[in-house]
Amino acid sequence: MTTATESMVETHLEDLDVSRSERFAERMLSAFNESALVLMTSLGHRVGLFDAIAGAGWLASHALARDAGLDERYVREWLAVMVTAGVVDYDPASQTYRLPAEHARFLTRDSVPNNLAATAQYIPVIATVESDLVGCFRNGGGLSYERYERFHEVMAEDSAQTVVSALFDVIVPMVPGLHQRLENGIRVADVGCGSGRAMLTLAAEYPNSRFWGFDLCAEPLERARAEAQALGLKNLIFERRDLAEQTLAEPYDLVTAFDAVHDQRDPAGLLRSIRCALARDGLFLMQDIAGSSELHRNLSHPLGPLLYAVSTAHCTSVSLGQGGPGLGTMWGEELAERMLRDAGFRSIDKCRLAHDIMNVYFVASVGSD
Ligand SMILES: C[S@@+](CC[C@H](N)C(=O)[O-])C[C@H]1O[C@@H](n2cnc3c(N)ncnc32)[C@H](O)[C@@H]1O
């Protein structure tokens, strides 16, 4: 005689495509391994293990620990993760380890802008707020930036890879005549500047131009100001500002927003304020996440689960936490374009960069279509 639960399960199983079900279980198991690898990749990046092992040939764990200035027992256990995940080669006879050059070129600080180990840090960053998110799921609302351990630090590293590394070769040349205008001297504002990496780099390169960086959060601005001081930059100001309350006033020749609009308390209001603050012939350069506003169009997006996860755990939450609409990381190019037009931008060009599968660039102005 079967119990009620057993017969329910049996009836249910009869209706299942068992091989599909088993394939799914296998996939989930491999997801556990991959997510463990991502966490350990982030840790390896932070403690400098990839930099220490890259190019060093075959090394014993104690030699690697010594070179990296770390505790051998932890290093050996981390190496076991990397070996079983196929990242690091292992020679059992000599008990030595080697990072193949083919892997090192995506894992070390020298490999910027292709350092995937730096990108891996987003997963532990969003994991720090899991318990807070349980509350958000139950009660609504969102989280403040301060709840996320190391968010601004990781964002600054990401910005160095995706934006700063391409500024002079690709991003500035993307806008016809911009390099010359920056050389001659224009006024530039960066909204949601975070740690200000892009503005710091531009201000150093174009001393005749003046730069402003605005952000809601004090912590990244402190880092930005310290770097500006260390570089001796006099043409750059970082100012704490909630852009939903204090809009842009000056006429600017160029306004930039690097991955910052969808997180805002009032994204539509910010876009209007940018349009109003542009000087004649002024331009708005907006970098944001590449993807569609429609879920079904993102089914084969190479970073779909990652971007929706960052959205769930961060971008949506920080906007809702400010009382914003929670557009989310994947607000998408269709909605972004619609909102730019609604804000009064009539000329909008879109551009993707070869080194950056995650982002898309909009160059918008009030000029005619
Ligand atoms: C994803 S980060 C991007 C930071 C920076 N642009 C970069 O690329 O490194 C978004 C930034 O928008 C800022 N932000 C969010 N809401 C804001 C608001 N209401 N006013 C001003 N800045 C805001 C955050 O503090 C954060 O630094």
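A search of the whole structure, which is a predicted model, finds zero disulfides. For Cys-136, the closest cysteine sulfur is that of Cys-315, at 14 Å, which is too far for a bond, since a disulfide requires two cysteine sulfur atoms within 2.5 Å. Cys-136 is buried, its relative accessible area being 12%. Cys-351, by contrast, has a relative accessibility of 25% and counts as partly exposed.

The overall architecture of the chain may be described next. The chain comprises 369 residues, of which 46% count as buried. Its secondary structure consists of 17 helices and ten strands. Taken along the principal axes, the box filled by the C-alpha atoms of the chain is roughly 80 × 60 × 35 Å.

One annotated region was considered separately. An unreviewed UniProt entry lists residues 183-298 under the heading "domain: Methyltransferase". Within this span, helix accounts for 31% and strand for 30%. A distance of 40 Å separates the C-alpha atoms at the two ends of residues 183-298.

The surroundings of the ligand were then examined. Twenty residues are found around the ligand, and those that come nearest are Gly-192, Asp-215, Leu-243, Phe-258 and Gln-322. Asp-215 also takes part in a polar contact through its side chain, where an N or O atom is 2.6 Å from an oxygen atom of the ligand. Nitrogen atoms of the ligand are approached as well. In Arg-241 it is a backbone N or O atom that lies 3.4 Å from a ligand nitrogen, whereas Gln-264 places a polar side-chain atom 3.5 Å from a nitrogen atom of the ligand. The ligand taken alone exposes 590 Å², and 98% of that area is buried by the protein.

Aromatic side chains were also analysed. With ring centres required to lie within 6.5 Å, the count comes to six aromatic pairs. One of them is formed by Tyr-90 and Tyr-97, with 4.9 Å from centre to centre and 35 degrees between the planes. This pair is classed as tilted, because the stacked class requires planes under 30 degrees apart and the edge-to-face class planes over 60 degrees apart. The two partners fall into separate accessibility classes: Tyr-90 is partly exposed, with a relative accessible area of 34%, whereas Tyr-97 is buried, with a relative accessible area of 8%. The buried class applies to Tyr-97 because its value of 8% lies under the 20% limit.

How values were computed
Residues are numbered from 1 along each chain as its sequence is written. This is a predicted model: local features need pLDDT of at least 70, side-chain atom pairs count only at pLDDT 80 or more; totals for chains, interfaces and linings use all residues. Side-chain values use heavy atoms; hydrogens and water are left out. UniProt positions are given in the numbering used here, feature names are shortened, and annotations may be inferred rather than shown by experiment. Helices (H or I, at least four residues) and strands (E, at least two) are DSSP runs, numbered from the N terminus. Buried means under 20% relative accessible area, exposed over 50%, partly exposed in between (1.4 Å probe, protein chains only). A residue is near a molecule or strand if one of its heavy atoms lies within 4 Å of it. A polar contact is a pair of N or O atoms within 3.5 Å; within protein, one must be able to donate a hydrogen and the other to accept it, and residues adjacent in sequence count only if both atoms are side-chain atoms. Accessible areas come from the Shrake-Rupley method with a 1.4 Å probe; for residues, only the protein chains shown count as cover.
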